[in-house]
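This report looks at a ligand shell and at the packing of a few helices. Please keep the sequence and the coordinates at hand while reading.

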Amino acid sequence: MDKSDDPTYPAEAIAAVEAAAAARAAAKKAKADANKPKVNRQTVSYLSRRFAEVGLNPNKRHGQNFLVDLNLIQMIASTAKLNSNDVVLEIGTGMGSLTGLMALEAGTVITVEIDEYLFQMASEELEELDNVIMLKQDALKNKNKMHENVINAVKEQLAINPDRVFKLAANLPYNVATPIISNFLRSEVVPASMSVTIQKELADRLVAKPGSKDYGALSVWVQGLCDVSIVRVMSPKVFWPRPKVDSAIIHIEHRPERRASFADIDFFYAFVRAMFFHRRKFMRSVAVAAFKGQLDKTQVDEVLAAENHGANARTEELQGVELQKLCEAFRQKLIKVTGQERPKMANQGN
Ligand code: SAM
């Protein structure tokens, strides 16, 4: 029976007990909040003061545009749906504003910063957080590969517990956003999700559908393995200093079952890059060029005819699944012609 229905408990006594319980809960929360590490609110005035103190200016070459709208920083973290099992990788620590916020929610945050001075300043900002691992270096080995130090740091953290999940969440440096997203889908450790800020123009390419001007190799590659959505478009005003173009927060959710449907994922990567290399040409001549030295024109025509693609077909009109099917048909033809079990494409688009 509920105490409030029991005549032996006067209403005032019940109210007093409830008030005491609420006060204890509030005191417990206040204590927990007091024990939480402090993360500085990085507004424009805070950042410009910190830069002035050390006599520096943000470096354009490294895409140093800091997100200064605190709600949007929170939105990146919320989009990643972080919890204590997550190993989050952030590329571009900056002054550590997103890092600090994510460290309060995730199990571990690995954050990478190329700029020595920013690395120093962020180390001071984040010193109270014991679940943050900071790496001072270029996150990329080259434009086709993530740096092994970054991959190894992620692998080490994942090895601690099999329940751990790897996610990428960042306000990415715009000049390297494309290689970071596309390399991670081919890396040894593929993020379960990527919640990142990128240029709006790149976001449009990632979500583009066949026949649109933005549809290309990147759209097919990423959509072939993931669900992609634009979470929020942002004006230059929310950054300091302001970039020249609009930005967007995107969410990329990896679909392992789609990956499993590819016989050779690296071949598909090379194939879509090669097939979108000459956008204006008909697909037949692009395929002839792509397989030059490996398949002759008749063999290319045999594959296209078997897959019902006429002389006027263009790559940009094909859905991802059609390109996947065509890719496999070419791969099988190469296996037959070369006798190799795992043939590679000789001419890859760049
Ligand atoms: N996380 C901060 C924020 O949200 O405001 C800073 C983001 S800022 C857009 C990008 C950061 O990435 C800069 O601090 C820049 O120095 C760093 N960066 C640029 N290229 C990098 C690379 N190749 N590897 C690691 N960090 C890089």
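How do the residues of the shell around the ligand divide into nonpolar, polar and charged?

## Model and ligand shell

This is a predicted model, in which local features need pLDDT of at least 70 and side-chain atom pairs count only at pLDDT 80 or more, while totals for chains, interfaces and linings use all residues. Residues are numbered from 1 along each chain as its sequence is written.

The shell holds eleven nonpolar, nine polar and three charged residues (Ala, Val, Leu, Ile, Met, Phe, Trp, Tyr, Cys and Pro count as nonpolar, Asp, Glu, Lys and Arg as charged, and the others, Gly among them, as polar). The ligand is surrounded by 23 residues, each with its C-beta atom, placed from the backbone, within 6 Å of the ligand, and the closest are Phe-66, Gly-92, Gly-94, Asn-171 and Pro-173.

## Packing of H11 on H14

Helix H11 (residues 265–275) packs with H14 at an angle of about 110°, their axes being 10 Å apart; axes are lines fitted to C-alpha atoms, for helices over the stretch in contact, and angles run from 0 to 180 degrees between N-to-C directions. H11 and H14 are therefore roughly perpendicular to each other, a term that covers 65 to 115 degrees.

In this contact (C-beta atoms, placed from the backbone, within 7 Å), Phe-267, Phe-268, Phe-271 and Val-272 of H11 meet Leu-323, Gln-324, Cys-327, Phe-330 and Arg-331 of H14. By class, the contact of H11 with H14 has seven nonpolar, one polar and one charged residues. Helices here are DSSP runs (H or I, at least four residues), numbered from the N terminus.

Note on methods. Helix = DSSP H or I, 4+ residues; strand = E, 2+ residues; numbered from the N terminus. Parallel < 35°, antiparallel > 145°, perpendicular 65-115°, else oblique. Contact = placed C-beta atoms within 7 Å.
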